[in-house]
Structure formats: structure tokens, C-alpha cells
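Biologist: I've got a model open and I'd like to learn how to read the place where its parts meet. Could you walk me through it?

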Amino acid sequence: MSRLLFLILLVLAARPAAAVTLEMNGAFTQGGIIMGRTDPGTELTLDGKPVRVSPDGIFVLGFGREAEPKAELVARGADGREQRRTLDVAKRDYKIQRIDGLPQKYVAPPADVLARIRRENAEIKRVRQIDTEHAYFAEGFIWPAKGRISGVYGSQRILNGEPKRPHYGVDVAAPAGTPVVAPAGGIVRLAERDLYYTGGTIILDHGHGLTSAFLHMQDVTVKVGQELKRGDPMGTIGSTGRSTGAHLDWRINWFDVRVDAAVLVPPMGE
Ligand SMILES: [Zn+2]
């Protein structure tokens, strides 16, 4: 063995085992979305639930509306080394939003549409479980449409005086017909013109269980299975389904965890 090679081997052997790389970026709040990078081959869990890591070490995770103040991230390197990180998840205060004047059939749906609503919800639920290996989300997000913010994540909804489930989207109010573009790349998993509550609806799969939904659209110009690049047109803003005016409701899920789309984009400019 050459003296040089021997020295190199000696240095490698003496080097202390480095910790697993764990870099994270994003909103450490309820509704927050975190993107990160670790060493390829690392196994990650968040509070015991596996988190997909791409072949080059990229991952995404999210915190729900009522997420606990702490979350435990465990990274196990390919060589078995483990690193634990306790993540602080800041609490958020949510607004109360009253909406009156909705047609009563949307507040208390008539019995004959319950089967339809169940069917549509089951399909949406199925699509949100899809775990695509491509990390489209890693390229970053833009607003899918520009306009006035008329609704935010997490607000408690009171519809025609009745307390309902919270609102999970960010609402962008703009005239019907305003173009809607893909906020990041992805694969279209659902493209429907007329769902009961959400009207014209698209669900775009950004990879690793992160999906965007776009609701109340007037035109839907994409098809299931189509791959979109960030900025590609998808249709137009409308007021279809349970809606009181033209707006785009954009919401993001990490599997069944509802997160806040607005944390991914800069504040809406003029
Ligand atoms: Zn909305």
C-alpha cells in the first residue's frame, strides 16, 4: 500500500461519525409547511409517522390547524445513526368569519344529495392519499391567481348563523374568468366541473403527499394524469358550488393534514 493511500485511510477511520444532515425551512406554526433536506437514504419519522425522503434527500411535512406545540422528528441515517429534533410549533389565533345569504341547500344539504356528497368526498380523500415520489414542491410556489384576499386559513365559519367546519383555504377574489395557473409543478389527480360543494375543482399532486386543491372554478382546462409545470394555465376563477362570489379557494393538504397554502408564497402584491 502506498504511504499516501495509507494516510488517507487513517484519516477516514479517525474521523468522528458526522451527525445526520437535517436542514429545514418553512413555517413552524400550526398550518405550517416545512421543506427540508437530509442525507440520501435517511429514514425520517414525524411523531412516529414515516416521512418520505426523495433519492436526493428532500422531504416535506406539515402541521395541522390544531397541531400540538411540539413535534418529534427522528432521522435514522443509512448507517443506523439516529438524530432526534424537537420542533416547536407556534400556536395561531383564528378569525371568526360569518357568511350569510348562502342558499340553504348548501348549509343543510337535502337528503337526496347526501349520497353524491359522500361519493365526491371519498374521491377527494382517495386522491389526497397518493404518495408520488417526485418532489415537485421543492422548486417553490407562486400564487395561482392574483386578487384580493377574501378568506384565510383556519377561520371558524358561521354560515347563515350556523357554526360549521373551519375554512382551510386562502380565498383570492377576482373577476370570473381570471386565469388560474399551477402554483408549482405536479400531476393533475382530479379535474371536475361540478362537485356539489366546490363546483369546478382541480387537485394537483406536488409529490410526497402534498396536494393543492382549487375550488369554485368556472373553467377547468386540464385533465387527470396531465403533468403541469409551475405557471401552466389550469382554467379560470368562478363562483361554482357553495360560493357567494367569484373567487379562487386554494388549499393544500399533506395527506389528510390540512395546511395553509399562504405560508408558501410571498404576501400578495398589488
Ligand atoms: Zn374559501
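**Reading a domain interface**

Modeller: Sure, and let's start with one pair: aspartate 131 and arginine 52 form a salt bridge, with their closest N and O atoms 2.9 Å apart. Keep in mind that this is a predicted model.

Biologist: How many salt bridges does the rule find across the interface of domain 1 and domain 2?

Modeller: Just one salt bridge turns up across that interface. For polar contacts, the count between domain 1 and domain 2 is six residue pairs, both partners at pLDDT 80 or more.

Biologist: Which elements give two or more residues to the side of domain 1 that touches domain 2?

Modeller: Those are strand 2 (33-38), strand 4 (49-51) and strand 5 (58-62). Strand 5 gives the most, with five residues. By residue class, that side of domain 1 divides into 11 nonpolar, five polar and three charged.

Biologist: Back up a bit. Where do the domains run in the sequence?

Modeller: The domain assignment puts domain 1 at 3-88 and domain 2 at 96-264. Their centres, taken over C-alpha atoms, are 31 Å apart. The contact draws 19 residues from domain 1 and 23 residues from domain 2.

Biologist: And how do I put a size on an interface?

Modeller: People often quote the accessible area lost when the parts come together. Here, domain 1 and domain 2 bury about 1600 Å² between them, and 71% of it is on carbon and sulfur atoms.

Biologist: Which three residues supply 40% of the area that domain 1 buries against domain 2?

Modeller: Ile33, Arg52 and Arg65, more than any other three residues. You've met Arg52 already, as the salt-bridge partner of aspartate 131.

Biologist: What does UniProt list for residues 166-260?

Modeller: An unreviewed UniProt entry gives them as "domain: M23ase beta-sheet core". In the model, that stretch is 0% helix and 56% strand, with its end C-alpha atoms 12 Å apart.

Biologist: One last spot: where is threonine 29 placed?

Modeller: Threonine 29 is in the loop between strand 1 (22-26) and strand 2. Leaving aside neighbours within four places in sequence, threonine 29 is in contact with Phe63, Val89, Ala90 and Arg92. From threonine 29 to leucine 159 you go 130 residues in sequence and 27 Å in space, C-alpha to C-alpha.

Terms used
Residues are numbered from 1 along each chain as its sequence is written. This is a predicted model: local features need pLDDT of at least 70, side-chain atom pairs count only at pLDDT 80 or more; totals for chains, interfaces and linings use all residues. Side-chain values use heavy atoms; hydrogens and water are left out. Domain bounds come from an automatic or database domain assignment. Contact means heavy atoms within 4.5 Å. Buried area is the accessible area (1.4 Å probe) that two parts lose on being put together, summed over both. A salt bridge is a side-chain nitrogen of Lys or Arg within 4 Å of a carboxyl oxygen of Asp or Glu. A polar contact is a pair of N or O atoms within 3.5 Å; within protein, one must be able to donate a hydrogen and the other to accept it, and residues adjacent in sequence count only if both atoms are side-chain atoms. Helices (H or I, at least four residues) and strands (E, at least two) are DSSP runs, numbered from the N terminus. Ala, Val, Leu, Ile, Met, Phe, Trp, Tyr, Cys and Pro count as nonpolar, Asp, Glu, Lys and Arg as charged, and the others, Gly among them, as polar. UniProt positions are given in the numbering used here, feature names are shortened, and annotations may be inferred rather than shown by experiment.
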